Amino acid sequence: MIRSTKFCTSQVGKIFILFLAEFFGTGMLLFGGCMAAIDGFDNSTTNISRGITFGMVVMMAFITFSATSGAIINPVVSLAAFIYGTLSFPLMLLYIVAQFAGALCGYGLLRAVTPWQYYQQALDYGGAHCVTVPHTSLSHGMAFAVELLLTGILVWTNCGVWDPRNKKDSDSVPLKFAFLIAGLSIAGGPITGASMNPARTLAPAVWNHYYDGLWIYFVGPTVGSILTATAYRYIFWQECKDIPCNCPQASVKQESHSLKI
């Protein structure tokens, strides 16, 4: 027990715990969210049911791991946190690696406990299970713009939560994010799949060997994250002078686990 405590309080131990939190949080997102997208077991999913479930899974991941790593579970939100000033560059890279690895393992675990016939059935109908692809009526430019804008809304909301002026309103953040993800997923699901998360898109694409339009879900969310996080950081953010808070300049100097919202 003493050795375990020493490891957990050491610098290496803290970094490892951060990695595990983002790894398991993103794995939870892919396992639970994509489970809700399976058309089988005498059940047919809908855009609304999938969107609501993804929102609920995000809420569960946030409640579980927000105290540890902030429960970012999205590479482009990790990038936004770096731009905003709440995450250092090395930790951003650590988070991104953990998120992609967690997504691949989470979806892989779902495949391991689900009959293969349901994945083959999705392929037979011209798609692949839980893979995000643009609607056939969209050009690549339109799909790129949709993912950019959806991700921009998501990142702006995160920046608002990170804003020290909103520190007193953090009690219901998990529920707010559940509704946010559900709303964006329901709105954008029929158009592009409403990924807003390269890790969420990459894992099903790799496991199903289905890569149509994959670049859209990397470039669009990344550009959206950079633009909106930069705009919020340098236009909307203000230093709080009247209330005690941890502003971005100070938070960079804090210990890595202080990203807790």
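# A guided tour of an all-helical model

Begin by selecting R165 and D163, whose side chains meet in a salt bridge with an N to O distance of 2.6 Å. The model is predicted, and this pair is the 1 salt bridge that the structure holds. Colour the two partners by accessibility: D163 counts as buried, because its relative accessibility is 1% and the cut-off for burial is under 20%. R165, at 29% relative accessibility, counts as partly exposed.

**The whole chain**

Next, zoom out and display the protein chain as a cartoon. The view contains 11 helices and 0 strands, so the order of elements from the N terminus on is written with α alone, as α-α-α-α-α-α-α-α-α-α-α. The chain has 261 residues, of which 50% count as buried. Among contacts with a separation of 6 or more, 79% join residues 24 or more positions apart. Switch to a surface representation: the chain exposes about 12700 Å², and carbon and sulfur atoms supply 68% of that area.

**A patch on the surface**

With the surface still shown, select I48, I52, M56 and M60. These residues make a nonpolar surface patch of about 340 Å². I48 belongs to helix α3, which spans residues 47–65. How large is the relative accessible area of I48? The value is 48%, so I48 is classed as partly exposed.

**Helices α4 and α5**

Return to the cartoon and select residues 75–84, helix α4, together with residues 89–112, helix α5. The axes of the two helices come within 9 Å and cross at roughly 170°. Angles over 145 degrees count as roughly antiparallel, which is why α4 is described as roughly antiparallel to α5. Show the side chains at the contact: α4 contributes P75, S78, L79 and F82, while α5 contributes F89, M92, Y95, I96, Q99 and F100.

**From F100 to L202**

Keep F100 of α5 selected and add L202, which is in contact with F100. L202 lies in helix α9, residues 198–208. Is L202 buried or exposed? L202 is buried, with a relative accessible area of 17%. Leaving aside neighbours within four places in sequence, L202 is in contact with F100, L214 and F218. For the last stop, draw a distance between the C-alpha atoms of L202 and F218: these residues are 16 residues apart along the chain, and the separation is 8.8 Å.

How values were computed:
Residues are numbered from 1 along each chain as its sequence is written. This is a predicted model: local features need pLDDT of at least 70, side-chain atom pairs count only at pLDDT 80 or more; totals for chains, interfaces and linings use all residues. Side-chain values use heavy atoms; hydrogens and water are left out. Patches are made of residues with over 30% relative accessible area and no salt bridge: like charges are joined within 9 Å, nonpolar side chains (Val, Leu, Ile, Met, Phe, Trp, Tyr) within 5 Å. Accessible areas come from the Shrake-Rupley method with a 1.4 Å probe; for residues, only the protein chains shown count as cover. A salt bridge is a side-chain nitrogen of Lys or Arg within 4 Å of a carboxyl oxygen of Asp or Glu. Helices (H or I, at least four residues) and strands (E, at least two) are DSSP runs, numbered from the N terminus. Buried means under 20% relative accessible area, exposed over 50%, partly exposed in between (1.4 Å probe, protein chains only). Axes are lines fitted to C-alpha atoms, for helices over the stretch in contact, and angles run from 0 to 180 degrees between N-to-C directions. Angles under 35 degrees count as roughly parallel, over 145 as roughly antiparallel, 65 to 115 as roughly perpendicular and the rest as oblique. Contact means heavy atoms within 4.5 Å.
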